[in-house]
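Dear colleague,

I am handing over the structure below, together with some notes on what was found in it. Please read the notes beside the coordinates and come back to me with any queries.

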Amino acid sequence: MKLKPFSSSIPSHFLLKELFILLKGGVSITRALEILASQRKEIAESLLEIKKAIEEGEDLRVAFKKSKLFPEFICEMLVAAQTGGSLENIFLKTSEWIEKMEDFKTRISNALIYPAIVISLSVVAIIIVLNFIVPKLQKILASFGEKLPLMSVILIKTAGIFWWFLILGVPLILIFFWFLVKRKGMEALHRKLLRFPLAGKLWNYFELSRWAYTVALLLDAGIVLPRAISIGTSTCKNSYLRKIFIEIVRYVEEGESFSYQLKKYPDIPPILSELTAIGEETGTLSEMLQNISEIFMREIEYLTTRILKWIEPLSILILGSVI
């Protein structure tokens with residue numbers, strides 16, 4: 001599941017928060033959808049389809065799912081609303097979670113803007129030097145009839161290697177990765193990527209944080225554990241982690257311990273299985289999963305801050321060295 005805005009101008013959490021406000025104010029779900037449709041012309045047709053389906057007696061989950069506007073886990077949580085749960089609270093919780101995730105990604109993106117600009121300038125500087133300066137420099141020095149200085153020779157040789165790298169190196173690297181994926185599959189590639197220093201750890205924490213919070217929300221909504229794990233798995237972009245959770249669902253359905261199954265996989269951090277075990281023993285699994293999600297998010301922020309502290313001076317050093 002990819003958390004995207006419903007349109008280019010409407011963040012997803014806005015619409016969910018607006019539904020919460022309308023329902024909290026005593027407006028019926030059908031009337032709330034009608035009001036939003038009048039305000040959101042881009043998605044008015046889909047909102048009115050949901051309204052029509054509900055009026056015709058369709059289950060909330062089915063009606064929302066058919067529209068394809070909402071992530072699957074939100075649609076599943078609507079089952080709780082039909083068994084006495086609070087519909088407005090479901091919209092509130094999901095909107096807050098999606099807003100939190102989008103805010104985190106925005107902060108990370110903003111932090112990477114400066115290093116990205118510096119590195120891009122380095123690449124532009126290399127292209128300018130190799131295209132315009134090196135050829136002229138070579139002609140001028142050759143006209144002197146003297147032996148070229150060592151640094152000039154290195155620069156000229158580097159220019160030749162650089163263009164060969166662009167022409168042959170980049171395509172060969174892409175072909176290698178394509179061959180690797182075809183031979184071993186995306187799962188094997190994603191597994192290796194999870195074991196990359198720092199970057200793999202960040203990806204692992206982010207995937208598990210999103211998964212844990214989604215499962216917690218579903219459990220709070222009354223969804224049984226195997227179904228909650230299965231739906232939460234759709235939030236994982238890493239194929240290897242998806243495979244792990246799909247395997248775990250099968251064992252949990254057979255009555256096996258959830259935390260015990262998590263311990264079997266070395267790429268799952270021990271804290272996840274330990275806190276899950278406590279949650280199973282004390283009947284607070286949902287709360288523990290939310291705590292796990294929060295811990296992983298804090299780890300991501302800490303690691304990202306450390307990485308960015310090194311990236312900025314290194315990117316300036318690289319740019320200066322190129323020039």
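In which helix does K201 lie? K201 lies in helix 8, where helices and strands are DSSP runs (H or I over at least four residues for a helix, E over at least two for a strand), numbered from the N terminus.

Before going further, please note that this is a predicted model, in which local features need pLDDT of at least 70 and side-chain atom pairs count only at pLDDT 80 or more, while totals for chains, interfaces and linings use all residues. Residues are numbered from 1 along each chain as its sequence is written, and side-chain values use heavy atoms, with hydrogens and water left out.

Overall composition

The protein chain has 13 helices and 0 strands. Of its 323 residues, 42% are buried, a term that stands for under 20% relative accessible area, with exposed meaning over 50% and partly exposed in between (1.4 Å probe, protein chains only). If one takes the contacts (heavy atoms within 4.5 Å) between residues at least 6 apart in sequence, 58% of them join residues at least 24 apart.

Around the start of helix 8

K201 is partly exposed, with a relative accessible area of 40%, and, leaving aside neighbours within four places in sequence, K201 is in contact with L194, F196 and L303. Its C-alpha atom is separated by 9.9 Å from that of P269, although the two residues are 68 apart along the chain. L198, in the loop between helix 7 (150-194) and helix 8, has a positive phi of about 65° although it is not a glycine. As background, most residues other than glycine have a negative phi. L198 is partly exposed as well, at a relative accessible area of 44%.

Aromatic pairs and charges over rings

Rings of Phe, Tyr and Trp (its six-membered ring) are taken to pair if their centres lie within 6.5 Å, and planes under 30 degrees apart count as stacked, over 60 as edge-to-face and the rest as tilted. By this rule the count comes to 5 aromatic pairs. One of them is the stacked pair of W97 and Y213, with 6.0 Å centre to centre and 5° between the planes. Because W97 lies in helix 6 (residues 87-143) and Y213 in helix 8 (residues 199-220), this pair ties together parts that are 116 residues apart in sequence. Both W97 and Y213 are buried.

Y205 and F296 form another stacked pair, at 5.0 Å centre to centre and 15° between the planes, and this pair links Y205 in helix 8 with F296 in helix 13 (residues 285-322), 91 residues apart. Y205 is buried at a relative accessible area of 12%, and F296 is buried at 2%. In addition, W211, F245 and F258 form one aromatic cluster.

A charge is said to sit over a ring if NZ of Lys or CZ of Arg is within 6 Å of the ring centre and within 35 degrees of the ring normal. K100 lies over the face of Y213, at 5.8 Å from the ring centre, and K264 lies over the face of Y251, at 4.3 Å.

Core and enclosed helix

A nonpolar core is a set of buried Ala, Val, Leu, Ile, Met, Phe, Trp, Tyr and Cys residues joined through side-chain atoms within 4.5 Å. The largest such core has 76 residues, of which F64, F91, W211, F245 and L289 touch the most other members, and helix 8 gives the most to this core, with 12 residues. Not counting residues up to four places away in sequence, L289 touches W211, A212, V215, A216, L219, L272 and T276.

Helix 9 (residues 225-233) is largely enclosed by the rest of the structure, because 7 of its 9 residues are buried; among them are L225, P226 and A228.

Largest pocket

A pocket is an open set of points on a 1 Å grid over the protein atoms alone where a 1.4 Å probe fits, with protein on both sides within 12 Å along at least five of seven lines, and lining residues have an atom within 4 Å of a point. The largest pocket has a volume of about 270 Å³, the volume being the space filled by probe spheres set on the points, which are joined across faces, edges and corners. Helix 6, helix 8 and helix 13 each give two or more residues to its lining, and helix 6 gives the most, with 5 residues.

With best regards
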